Amino acid sequence: MAELTEPRWTHVALPVTDLDRSIEFYTTVTPLVLVTRNVDDNGQGAWLSNKNQVDSPFVLVLAEFKPEIGKNFGIEPGQKATTLAPFAHLGIELPRREDVDAVAEKARAVGALEWEPRDMAAHIGYICAVKDPDGNTVEFSHNQKVFSTITELWG
């Protein structure tokens with residue numbers, strides 16, 4: 001097993017109201033895949049990541065709490081657990097402009113498209129955004145240059 005040798009940013013965690021529905025959404029609309037599922041006394045959860053992202057592991061943690069635990073975090077049973085909205089969002093950079101259009105089309109088909117594809121400032125690129133089943137915003141971009149900027153700086 002690989003050993004961590006320095007501090008590392010590893011995950012973002014979101015509460016969800018229906019874990020299976022959220023896994024289905026993220027594995028259908030985004031490029032994320034299911035890494036593992038967990039069950040404990042607080043509820044159930046899942047880790048999603050880019051397939052084979054070994055060199056810099058990063059996961060989206062989805063957590064469905066038992067009602068009595070969720071109340072500790074302001075989550076009411078039967079209510080959406082929106083954490084990232086209206087501007088706060090997860091960002092996924094895509095290799096081609098048409099990939100953004102393809103995501104928008106998938107999201108539009110399931111009623112989840114929040115921002116139509118559009119060109120933004122040079123440091124933002126071509127983007128669209130979708131809403132997950134709990135109302136969280138996920139932005140998809142092309143040419144935002146997060147990947148290229150970081151790899152050029154430290155790669």
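**Sheet, helix and domain contact**

User: Happy to look at this predicted model with you! In which sense do strand β3 and strand β4 pair, and over how many bridges?

Analyst: Strand β3 covers residues 43-50 and strand β4 covers residues 59-65. Within this pairing, Ala 46 stands opposite Leu 62 in β4. The two strands run in the antiparallel sense, and the count of bridges is six.

User: Nice. Which are the edge strands of the sheet?

Analyst: Four strands make up an open sheet with mixed pairing, in the order β1-β4-β3-β2. An edge strand here pairs on one side only, and that applies to β1 (11-15) and β2 (32-40). On average, neighbouring strands are turned by 20° against each other, direction ignored. The edge strands are therefore the ones that pair on one side only, given that pairing takes at least two bridges: β1 and β2.

User: And at what angle to β2 does helix α1 run?

Analyst: Helix α1 spans residues 19-29 and lies across β1, β2, β3 and β4. Its angle to β2 is about 165°.

User: How much area do domain 1 and domain 2 bury between them?

Analyst: The chain is divided into domain 1 (8-71) and domain 2 (83-154), with centres 19 Å apart over C-alpha atoms. Their contact takes 14 residues from domain 1 and 15 residues from domain 2. Carbon and sulfur atoms account for 71% of the buried area, which is about 1,200 Å².

User: Which residues in domain 1 lose the most area to domain 2?

Analyst: Salt bridges across this interface number zero by the rule. Three residues together give 43% of what the domain 1 side buries. They are Leu 14, Phe 25 and Val 29.

Key. Residues numbered from 1 in each chain as written. Predicted model: local features only at pLDDT ≥ 70, side-chain atom pairs only at ≥ 80, totals over all residues. Heavy atoms only, no water. Axes fitted to C-alpha atoms, helices over the stretch in contact; angles between N-to-C directions. Contact = heavy atoms within 4.5 Å. Domains from an automatic or database assignment. Buried area = accessible area lost by both parts, 1.4 Å probe. Salt bridge = Lys/Arg side-chain N within 4 Å of Asp/Glu carboxyl O.
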